[in-house]
Each structure stands twice: as C-alpha cells, then as structure tokens.
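These are my notebook entries on a structure I went through today. I kept them in the order in which I looked things up.

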Amino acid sequence: MARSVIRDDGKRDRLVRHVYGEIPPPPQRLDVARRPWHEAGGEILTLSMSHDGRTHTVDGALFLPPDARGPVPLVVGLAFLGPLGAVDAPGFPVDPNAVVEATSAGFPDGRLRPAMRGRHAARWPRDLFHAAGCGLLLACYGSFTPDDPIASFARGVAPLIGIGAMPMPALPPEGNSPGALALWAWAYSRLVDVALARPEIDPARIVVAGHSRLGKAALLAAAHDTRIAGVFANNSGCLGVRPSAIRRGETPDALAARFPHWVTPAFAADPHPPDGVDQPDLLAAVAPRRVYAASATEDSWADPAGERAGLIAAAPAWRALGCDVPEIDADAPLVAGAAFTVGPLGWHLRAGPHELTRDDWERALPHLLEPPR
Ligand code: GCU
C-alpha cells in the first residue's frame, strides 16, 4: 500500500532530481510561424526555439472549435507519431529528424514516414474536442527529443540547451542531468508558451495530456508548470501515477534497463527513488490543480490497481489545500467501468488493452474542462 502524502515541493524536487533530472529552463527565444492546414481544418505551427546561437524547429498543429464565441479551453498533447499520425489528412510535413518508439512507427529505425498518416487518428478524436468547445494543440514528442538512447542527447532539445552537446557518437550525460522524460516535459511547457500567446485560448484552462510514456512526461510537466490547469495521464504506469513501492507490473528496474535514456544516468544505474519519496509526491505537486488518470483492464504492465493507489495516496495533498475531496474506496472492485471523480481528481478503468481511446476521452474531458474554482 502506498503511503499518503501531502504536498511538499522539496520532496518533489528530491524525487525529480534523482529520477528524471531537473527540467531545463526555457530557450532564450521561441518564435512561431503559422500557416493554414486546409486539408485538416487547422493550422500548422512551426516553433523555432533558439538558445546561445543554436536553433531547433518543431512543427505542431492547432485545431480550434469552429464556432467558438470567446476564448476556449485547450488540450495540449504530445503524440507518438505527432500530428502526422494523429490526423487522417494530407499536408502535415514529415519530420526527417524525429525518432519515435519503433513499434508505433512500425519501422525499426523509428523514423516517421508518409505511410503513418492517420495511423493514430482514433487516439485524438477531434470531433469530440470540438463538440466540447475545446481546442487541441499537438506535436510529435520525437521531434523535440528523439526516443533513442544515443540520439536523445545528440539531437533536438538536449544540444539546443547545452545538455549532452558533445561530439558524435554522443554519450549520455553524467549524473543527474535530465533524461528524455524531463525533456519531453520541457516540450509540453513550450507548447503551453505557444498557447498562451493566442488570444483565442483561455489561459486559465490549458491542460496537458499524454499516453503511456507521454502520460509520465505530462505529469512531470504539470508538477512543475503552474500555468497548466490539469493533466490527463493515460496508462502512465511506472514513473507515472503508479507508486514505485508497489512491485507489480513494470518495475523501475525493468524500465531503466530498457529505456535508460528516459531517466537520469544516476537512476539508470540505481533505479530506486530516494528514501521517503515516491510518485505520489510528484502527483501531489499538481495540487490544487486537476489530475485525471486512466487505466485499462488488460494493461497489467502499467498496473491499474497501482495507478489507482497512486491517486489515493496523493489525495490528502488536495484536502490539505482546502479542496473538497471525499474519501476514495481503495478496495472497490477493479472491474471495467470502475471510476471516481472527487474534486479535482479523477480516474477510470476502461475494458481493453494499453491504448488511448475515444472512450477514455469521453470520460476524461468533462472532468478536465470544468471551469477552475
Ligand atoms: C513500454 C514501457 C512503459 C511505457 C510504454 C509506452 O511498455 O515499459 O513504461 O509506458 O512502453 O510508452 O507505451
């Protein structure tokens, strides 16, 4: 059983420094060029991020509800295949430098290809966002920082901001320097920078969302960036909402062995959180803002019972800040459709495998989009 926590940013910092590494500061400049994406009814945004004379560019896509009367809430997502895979329409450029998870890509080199257009469209149901009066801002995580043990530090955000900027072949940086999850969390904050510059978007209702490894990164971003009103961490599991003390499903050891570049070199070498801190301390840092987590019945690797236990353990942090968060039944049967929404916290268990589905959004969106109190 996970211990209960109340918010303590010192504990969050201790956890983050060892496990993920500190999220780097923003770049000195962020410029955005806009052009219509006619085929998809949105806009293509090219972010140019500059730091110490270096520049890195990433394309994203913005969709605003067509009939908005006034500023709209926004979901900010990093996606495995980015707008290319999330939208079933031609016109979005293929990023030749992105490296993404090889199984999603379907190609062992993890490179994006035109054949991936629309492959993940079901994960980002734009009609649902629009019906809810909500915008969507999406980019490919692998365009910011490649998902690869070597390329993570050789290309993208790391050399831009001076982490691991060393001659090829690049070596992972030392000690507690950030791993890729921290750099993807940084990417969420850059998308928030972009959103905040747009008058069509309500600055008080910008939420971040991610599936699996990107649920972990979204949670990390929300735990630091207080401009983020809420986070939807879908099937985030180990180093997401599931406490590491629960030794079920994926353990930190298993994660660090397969994905050493996601975490600090120190954690990759010794995959245990520092004494007295765990994932609920990260969740608690989002209080009093919104956290919604979702699990799936067949996703034993992410450990649905553990994901729910993580939220329950963090709930006292919201109560301590005066939020009305009734007790959550830790022993309620873990059956498909099990769910709770208590104040700013929510969770559900969907039937089926590790995936982000329309069903998940139908439950998560209303909770995330409730006006701030
Ligand atoms: C692997 C990894 C998980 C991760 C998942 C994903 O299964 O072990 O930690 O969440 O990939 O990102 O899809």
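I began with Pro288, which I found in the loop that runs between α12 (279-284) and β8 (290-296). I looked there at the backbone and noted that the peptide bond joining Ala287 and Pro288 is cis, with omega at about 5°. I keep in mind that this is a predicted model, and that every value I write down here is computed from it.

Next I turned to another loop, the one between β7 (230-234) and α10, where Leu239 lies. I recorded a positive phi of about 65° for Leu239, although this residue is not a glycine.

I then looked up the hairpin formed by β1 and β2, in which four residues stand between the strands and Gly41 takes a positive phi near 70°. Strand β1 covers residues 29-37 and strand β2 covers residues 42-51; I noted that they run antiparallel and that nine bridges join them. As one example of the pairing, I looked up Arg35 and found that its bridge partner in β2 is Ile44.

My last entries concern the ligand, which I found to sit in the largest pocket. I noted that the elements giving two or more residues to the shell around the ligand are α9 (213-224) and α10 (252-258). The residues that surround the ligand are Phe80, Ser212, Arg213, Lys216, Glu250, Leu255, Arg258, Phe259, Trp262, Trp301 and His354. Sorting this shell by character, I get five nonpolar, two polar and four charged residues.

Which side chains of the shell place a polar atom by an oxygen atom of the ligand? I wrote down Ser212, where an N or O atom of the side chain is 2.5 Å from an oxygen atom of the ligand, and Glu250, for which a side-chain N or O atom is likewise 2.5 Å from a ligand oxygen. I added His354, which has a polar side-chain atom 3.2 Å from an oxygen atom of the ligand. To close the entry, I noted that the ligand taken alone exposes 320 Å², and that the protein buries 88% of that area.

How values were computed. Residues are numbered from 1 along each chain as its sequence is written. This is a predicted model: local features need pLDDT of at least 70, side-chain atom pairs count only at pLDDT 80 or more; totals for chains, interfaces and linings use all residues. Side-chain values use heavy atoms; hydrogens and water are left out. Two strands pair if DSSP finds at least two bridges between them. A residue is near a molecule or strand if one of its heavy atoms lies within 4 Å of it. A polar contact is a pair of N or O atoms within 3.5 Å; within protein, one must be able to donate a hydrogen and the other to accept it, and residues adjacent in sequence count only if both atoms are side-chain atoms. Accessible areas come from the Shrake-Rupley method with a 1.4 Å probe; for residues, only the protein chains shown count as cover. On a 1 Å grid over the protein atoms alone, a cavity is a set of points where a 1.4 Å probe fits but cannot get out, and a pocket is an open set with protein on both sides within 12 Å along at least five of seven lines; lining residues have an atom within 4 Å of a point. A molecule sits in a cavity or pocket if more than half of its atoms lie within 2 Å of its grid points. Ala, Val, Leu, Ile, Met, Phe, Trp, Tyr, Cys and Pro count as nonpolar, Asp, Glu, Lys and Arg as charged, and the others, Gly among them, as polar.
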